[in-house]
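Student: I have a model open and want to go through it with you. Where do we start?
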Amino acid sequence: PISAAAPTGVDVSHFQPRDQQSVEPFSVLFVGYFRHPPNVDAVLQLGRTIFPRLKEQHPSATLTIVGAHPPPDVRALAADSAIRVLGYVDDVRDYYRTHAVLAAPIRSGAGTRVKILEAMAAGVPVVSTTIGAEGIHCQSGIDILIADDPEGFARELGTILTSPAYAQSIALAARQLVSTRYDWDAIVGNLEQLYFEYLREKRQPSRPTD
């Protein structure tokens, strides 16, 4: 079994860190493919429950929702003038460049969330649930912020939005994590090394038994 040596990865060179001057203050981003039910659940939780709590403390906050095939209940979130539902976009990097934080309040499903790795590679700080960060060797308060209830999630978003230096330290640590552990070059190198180790074991002559 070698699957642990080949986790989901991201092309770090494709997601270059952004110029901080391009970041819109108090801008929250959600990215997800909406034919995947956990993404629909997450963005509805964000738009209906978490974002209103954030706006109570930070009235200028905005939320941009990016992803193909948003259903009617997701599009309905745009009834709030502070929320944009864009659907499919040609290049998600344009939105990583301009948004202050990626929100990933995932509550169900399994597997590594590539959008979190992409955001980290692009230098965007991430606030996620424990489930959302599953499979990523990250540490809350170091290279990501983790919160599992709406109040805590809104509070952590507020922390990123109001603390640029802290947000930048999270983003830098996250990019370092992705570069060393989840870049495809690193993954392929680890996998190649493991193949050679197994081949060496197979080629060793077996010891005679008594």
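Tutor: With a definition: helices (H or I, at least four residues) and strands (E, at least two) are DSSP runs, numbered from the N terminus. This is a predicted model, in which local features need pLDDT of at least 70, side-chain atom pairs count only at pLDDT 80 or more, and totals for chains, interfaces and linings use all residues. Residues are numbered from 1 along each chain as its sequence is written, and side-chain values use heavy atoms, with hydrogens and water left out.

Student: OK. Where does Phe26 lie?
Tutor: Phe26 sits in the segment before β1. Its phi is positive, about 60 degrees, although Phe26 is not a glycine.

Student: Is Phe26 buried or exposed?
Tutor: Phe26 counts as partly exposed, at 22% relative accessibility. Buried means under 20% relative accessible area, exposed over 50%, and partly exposed in between (1.4 Å probe, protein chains only).

Student: And what is phi for His69?
Tutor: Near 65 degrees, a positive value in a residue other than glycine. His69 is in the loop between β2 (62-66) and α2, and His69 is partly exposed at 39% relative accessibility.

Student: Now the sheet. What is the strand order?
Tutor: The order is β3-β2-β1-β4-β5-β6, six strands in an open sheet with parallel pairing. Two strands pair if DSSP finds at least two bridges between them.

Student: Which strands stand at the edges?
Tutor: β3 (83-87) and β6 (145-146); each has a single partner strand, so one side of each has no neighbour in the sheet.

Student: How many bridges join β1 to β4?
Tutor: Two bridges join β1 (residues 27-31) and β4 (residues 101-104), and these strands run parallel. Val28 stands opposite Val101 in β4.

Student: What does helix α5 touch in the sheet?
Tutor: Helix α5 (residues 150-162) packs on the sheet and touches β1, β4, β5 (126-128) and β6. Contact here means heavy atoms within 4.5 Å. The direction of α5 makes about 170 degrees with that of β4. For that angle, axes are lines fitted to C-alpha atoms, for helices over the stretch in contact, and angles run from 0 to 180 degrees between N-to-C directions.

Student: Different topic. How many salt bridges are in the whole structure?
Tutor: Five. The criterion is a side-chain nitrogen of Lys or Arg within 4 Å of a carboxyl oxygen of Asp or Glu.

Student: What does Arg53 form a salt bridge with?
Tutor: With Glu151; the closest N and O atoms are 3.1 Å apart. This pair links distant parts of the chain, with Arg53 in helix α1 (residues 37-57) and Glu151 in helix α5, 98 residues apart. Arg53 is partly exposed, with a relative accessible area of 31%, and Glu151 is also partly exposed, at 39%.

Student: Which side chain meets Lys55?
Tutor: That of Asp80, in a salt bridge of 3.1 Å, N to O. Lys55 lies in helix α1 and Asp80 in the loop between α2 (72-75) and β3, so the pair ties together parts that are 25 residues apart in sequence. Lys55 is partly exposed at 24% relative accessibility, and Asp80 is partly exposed at 25%.

Student: How far apart in helix α3 are Arg97 and Asp94?
Tutor: Three residues within α3 (residues 93-98), so about one helical turn separates them. The side chains of Arg97 and Asp94 meet in a salt bridge (2.7 Å, N to O). Arg97 is partly exposed at 36%, and Asp94 is partly exposed at 40%.
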